[in-house]
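Me: I'd like to learn how to read a protein structure. Can we go through one together, a feature at a time?

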Amino acid sequence: MNTIPFITVEGTIGVGKTSLAKLLSDHFQYYLLKEIVEENPFLGKFYDNIEEWSFQTEMFFLCNRYKQLNDINTLYLSKQQPVVADYHILKNLIFAKRSLQEKELAKYSRIYDVLTEDLPTPNIIIYLHASLDTIMGRIKRRDRDIEKNISPLYLKQLSSDYKLVMENFKKQNPTIPVLSFNGDNLDFVENKQDLETIIHTIRQTLNIGAYKHESTQ
């Protein structure tokens, strides 16, 4: 395991990835890497017509995440500065396999393999999952225009995809811990004790103790 923490938070749309990543960044005093979402010019069109706009949407996300991860490797990880991100690059394949047609997926997968072969690897993944009702409720509360036409069926399918991918990831990458937390039972935004539970689990998993970057407040 890398000595410098590189934590990624993953899970389907609306499960609380960015909220948790920011809370962890604030607590541990790690650099926060946030994925580009609303800046994607194709995303609103994608939710209106997945088949028509899926390839453009997924390629935009892949190229931007590739650039972001290269940058944090150069600017932070290589300089022994910890990072917490609200995504893992593997999410690109989860979404691509759900939305792309066979021929487009084959092209996309080849590009993905080339771009990701030398990207930095996280040493811990936090996997957030929740029921469809919880996810739909959170999406409604944050009230993003681009998400208003998301299909509940699409979200349900993504949740199943994530579960399968995380199970396979744990089998294929036994040295990278995957910590699973149920968003139906934990409210890490409003309940400080729930957040402390997650923080305690991370510290134990990374064996970092009172890491020098961690906030003492």
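Reply: Happy to. Let's begin with a term: a residue counts as buried when its relative accessible area is under 20%, and as exposed when that area is over 50%, with partly exposed in between. Also keep in mind that this is a predicted model.

Me: Okay, let's try that on a helix. Which residues of α3 are buried?

Reply: The buried ones in α3 are S54, T57, E58, M59, F61, L62, R65, Q68, L69 and I72. As for the spacing in such a list, an α-helix has 3.6 residues a turn, so residues three or four places apart point the same way.

Me: How many residues does α3 have, and how far does it reach?

Reply: α3 runs over residues 50-75, which is 26 residues, and spans 35 Å from the first C-alpha to the last. At 1.5 Å a residue you'd expect 38 Å, and the value here is close to that.

Me: And what do the buried residues of α3 pack against?

Reply: Quite a list: the strands β1 (6-10), β2 (31-33) and β3 (83-85), plus the helices α2 (43-48), α4 (91-99) and α5 (102-116).

Me: Let's pick a residue from one of those partners. What does N92 touch?

Reply: N92 sits in helix α4. Leaving out residues up to four places away in sequence, N92 touches E58, F61, L62, R65, Y108 and Y112. Is N92 buried or exposed? Its relative accessibility is 0%, so N92 is buried.

Me: Now salt bridges. What should I look for?

Reply: Look for a side-chain nitrogen of Lys or Arg within 4 Å of a carboxyl oxygen of Asp or Glu. By that rule the model has nine salt bridges. Take K22 and D26: their closest N and O atoms are 3.1 Å apart.

Me: Why can K22 and D26 reach each other?

Reply: Check where they sit. Both are in helix α1 (residues 17-28), four residues apart, so about one helical turn separates them. K22 is partly exposed at 45% relative accessibility, and D26 is partly exposed too, at 39%.

Me: Which parts does the E35 and K91 pair tie together?

Reply: First the bridge itself: the side chains of E35 and K91 meet at 3.3 Å, N to O. E35 is in the loop between β2 and α2 while K91 is in helix α4, so this pair ties together parts 56 residues apart in sequence. E35 is buried, with a relative accessible area of 13%, and K91 is buried at 3%. There's a network here as well: E35, R65 and K91 are linked by salt bridges.

Me: Can a bridge join partners with unlike burial?

Reply: Look at R144 and E147, whose closest N and O atoms are 3.3 Å apart. R144 is partly exposed at 25%, whereas E147 is buried at 5%. R144 also turns up among the contacts of E38: leaving aside neighbours within four places in sequence, E38 is in contact with R144 and I146. You'll find E38 in the loop between β2 and α2.

Me: Last one: how do I read two helices that cross?

Reply: Ask how close the axes come and at what angle. For α6 (residues 132-142) and α7 (residues 152-172), the axes come within 10 Å and cross at roughly 125°. That makes α6 oblique to α7, and the crossing is right-handed.

Me: Which residues meet there?

Reply: From α6 come L132, I135, M136 and I139, and from α7 come P152, L155, K156 and S159.

Methods. Residues are numbered from 1 along each chain as its sequence is written. This is a predicted model: local features need pLDDT of at least 70, side-chain atom pairs count only at pLDDT 80 or more; totals for chains, interfaces and linings use all residues. Side-chain values use heavy atoms; hydrogens and water are left out. The expected span of a helix is 1.5 Å times one less than its number of residues. Buried means under 20% relative accessible area, exposed over 50%, partly exposed in between (1.4 Å probe, protein chains only). Contact means heavy atoms within 4.5 Å. Axes are lines fitted to C-alpha atoms, for helices over the stretch in contact, and angles run from 0 to 180 degrees between N-to-C directions. Angles under 35 degrees count as roughly parallel, over 145 as roughly antiparallel, 65 to 115 as roughly perpendicular and the rest as oblique. A crossing is left-handed if the near helix is turned anticlockwise from the far one by less than a right angle, and right-handed if clockwise.
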